[in-house]
Amino acid sequence: MRDTLLIALFAFLGAAAAGVLGACVLLLIRRRSLIAHLTVVAGVGVTAMLAGTLAVAQAMFLSGHDLSVVTTVVAMAAVVSLATALLLGRWVAARSHALALAARSFGDGGDFTSPDGPATAELAAVSRELEATSARLAESRERERALETSRRELVAWISHDLRTPLAGMRAMAEALEDGVAADPDRYLRQIRMEVERLNGMVGDLFELSRIHAGTLTLSLARMSLYDLVGDALSGADALAREHGVTLVGEQVEGVPVEVDGREMSRVLGNLLVNAIRRTPADGTVAVTAERSPNGVVLSVTDGCGGIPEEDLPRVFDTGWRGTHARTPPAGAGLGLAIVRGIVEAHQGRATVRNVPGGCRFEVVLPAAAS
């Protein structure tokens, strides 16, 4: 037993010396390639075996012949170990290089495609993560392109919508200044109307900027949907009568919700104004509010004839006004974007779908706690 412990002790001391030396070498070459690291690791293993063997042989006073035999065996093991380490290192390095080249493609704006061929579990996991990252980057680039397109359209439409009333007000102001206005009071009323319209556009831009910046502050209060819808219908009644449109709000349940009354009134107002302007005379705009398994559903159904299927995903985008909404009364294309921003700030969602004769805008809000 004592001899076994001594052999173990001498072998451990020899192997430990080789291990310490190998650790120092690994520390010095820590920035080198994986091939060098694997070679050092294989060399440390063989050197540790040789050092332990030599230490035990010296302590046990083995013959020179036995020592040479042991040394030859260890040397052959070293050659095989180093060759295996070099092959493994070259294979892993080649796979890593292929992975780096593939990763460079999606860094330059392309899509990542995992290199063909077998790989270690770690490199395969890296490939999967890079594929997932590439997919997220592609989605982000697509959203960025869509937002940039919306911004360009918004700037173009806002510029057009601002230029038209400003040119009209300038002409009317010059006519009043020169004293050539046939009906000064009518000119003044028209100027006031244009100023109110411009003020509304500026207010929409300010509201949208707060939504995009995440600075929209909500003052939540418990209220009934019946009161909320009733106030919105009363506010839109004059516009509906002007356009010859009938407002219907019979299917409205008195479901309690916790919302910002002012902001939700703006949501309903925007939806109603949008529906009234696009519903032909003698048409109907219907408002419903009911409880559903997902919360509370507010809907506004118009008689616009429907929205092209390819345009439905863009309805709530900033600046979208449809293909037939290029005239100033259609606004700057901000109303529905504001609707979506306010609803999402309430942890809800806004959707649109076509129905026979028109389209139906739905706002889903969380139900108030009982």
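**Helix α6, an open sheet and E194**

Reader: What follows α6, and what is the sign of the phi there?

Author: Helix α6 is followed by G244, and the phi of G244 is positive, near 70°. This is a predicted model, in which local features need pLDDT of at least 70 and side-chain atom pairs count only at pLDDT 80 or more, while totals for chains, interfaces and linings use all residues. Residues are numbered from 1 along each chain as its sequence is written, and side-chain values use heavy atoms, with hydrogens and water left out.

Reader: What makes residues 225-243 a helix, and how does the reach of α6 stand against the expected value?

Author: Helices are DSSP runs of H or I with at least four residues, strands are runs of E with at least two, and both are numbered from the N terminus. Helix α6 has 19 residues and reaches 26 Å from its first C-alpha to its last, close to the 27 Å expected, where the expected span is 1.5 Å times one less than the number of residues.

Reader: Where does α6 bend, and by about how much?

Author: The bend of α6 is about 45° at D237, taken as the angle between axes fitted to the seven residues ending at a residue and the seven starting there.

Reader: Which residues of α6 are called buried, and what covers them?

Author: Among them are L225, L228, V229 and A232, where buried means under 20% relative accessible area, exposed over 50% and partly exposed in between, with a 1.4 Å probe and protein chains only. Their cover includes β1 (221-224), α7 (261-278) and β4 (284-292), and contact here means heavy atoms within 4.5 Å.

Reader: Why is E194 in helix α5 (residues 184-213) called buried or exposed?

Author: E194 has a relative accessible area of 15%, which is under the limit of 20%, and therefore E194 is called buried. E194 also touches P165 and M169, residues up to four places away in sequence not being counted.

Reader: What makes the pair E194 and R197 a polar contact?

Author: The side chains of E194 and R197 are joined at 3.0 Å. A polar contact is a pair of N or O atoms within 3.5 Å; within protein, one must be able to donate a hydrogen and the other to accept it, and residues adjacent in sequence count only if both atoms are side-chain atoms.

Reader: How do you know that β4 and β5 pair?

Author: Pairing needs at least two bridges found by DSSP between two strands; seven bridges join β4 to β5, which run antiparallel, so the two strands pair. In this pair, A289 stands opposite L298 in β5.
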